[in-house]
Amino acid sequence: MKPVVLFYSFSGRTRRVAEILAKHLGAPAVEVRTKEPIRHPYGVGFMNRIKERTPEIVVDADLGAFDTFYIGGPTWYWTVTPPLLTLLRTRSFAGKTVVPFCTNDAQPGNFLARFAELCPGADVKPGFQVQRVRRLSDEEIEKAVAAAMV
Ligand SMILES: Cc1cc2nc3c(=O)[nH]c(=O)nc-3n(C[C@H](O)[C@H](O)[C@H](O)COP(=O)(O)O)c2cc1C
């Protein structure tokens, strides 16, 4: 198994989880960045502009070098974060194993469930979520990650 952790993070919480997960797996953590920075992601106007959109992204990794992809980001509006929608719609994970993960403030919506449809041909695992990351110590995140591996 050659795993990699791909993550999008707006305010750093998913980054913390992704980095602890990567350390746990002995895998690299690679950030999914948007070409244009996303600014001030609040309010109904922003939601209407961003939800279900696919902003251009940059991923500095040779994805062909890996066979197991942990793919995570924050829940936005009860679903998958737009930069990850771009990732899943523009790259093929067919024949690979995909483990989705998300962070959120307690309302994951359909973030994890959507991966099966978004990764045709992949072996998509149920994945896991880490809630209210800002209240957790690194040790607590490590515990949550380790429990999700079982
Ligand atoms: C635009 C926006 C929408 C969000 N929507 C949800 C949501 O639907 N459910 C939820 O529990 N948290 C929601 N949150 C909170 C984030 O998912 C949560 O704080 C997450 O851990 C932030 O991760 P990050 O620091 O990696 O960006 C939202 C936050 C933002 C900025």
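What covers the buried residues of H3? Keep that question in mind while you walk through this predicted model, starting at the helix itself.

Select helix H3, residues 82-90, where 7 of the 9 residues are buried, so this helix is largely enclosed by the rest of the structure. To see which residues these are, colour Pro82, Pro83, Leu84, Leu85, Thr86, Leu87 and Leu88, the buried residues of H3. Now add the elements around them, for the cover over these buried residues includes strands S1 (3-7), S2 (29-34), S3 (57-59) and S4 (68-74), together with helices H2 (43-50) and H4 (115-118).

Next, turn to the largest nonpolar core, which has 34 residues, and pick out Val5, Leu6, Phe69, Leu84 and Val98, the members that touch the most other members. The elements that give two or more residues to this core are S1, H1, S2, S4, H3, S5 and helix H5 (138-149). In soluble globular proteins, nonpolar side chains tend to be buried together. Centre the view on Phe69 and, leaving aside residues up to four places away in sequence, you will find that it touches Val4, Leu6, Phe93, Lys96 and Val98.

Finally, select the ligand and the 20 residues that surround it, of which the closest are Ser9, Arg13, Thr14, Pro74 and Asn104. Two elements, helix H1 (13-25) and strand S5 (97-104), give two or more residues to this shell, and the largest share, 3 residues, comes from H1. If you colour the shell around the ligand by class, you will see 8 nonpolar, 9 polar and 3 charged residues.

Note on methods. Residues numbered from 1 in each chain as written. Predicted model: local features only at pLDDT ≥ 70, side-chain atom pairs only at ≥ 80, totals over all residues. Near = placed C-beta within 6 Å. Helix = DSSP H or I, 4+ residues; strand = E, 2+ residues; numbered from the N terminus. Nonpolar A, V, L, I, M, F, W, Y, C, P; charged D, E, K, R; others polar. Buried ≥ 20, exposed ≤ 12 C-beta atoms within 10 Å, placed from the backbone. Contact = placed C-beta atoms within 7 Å. Core = buried A, V, L, I, M, F, W, Y, C linked by C-beta atoms within 7 Å.
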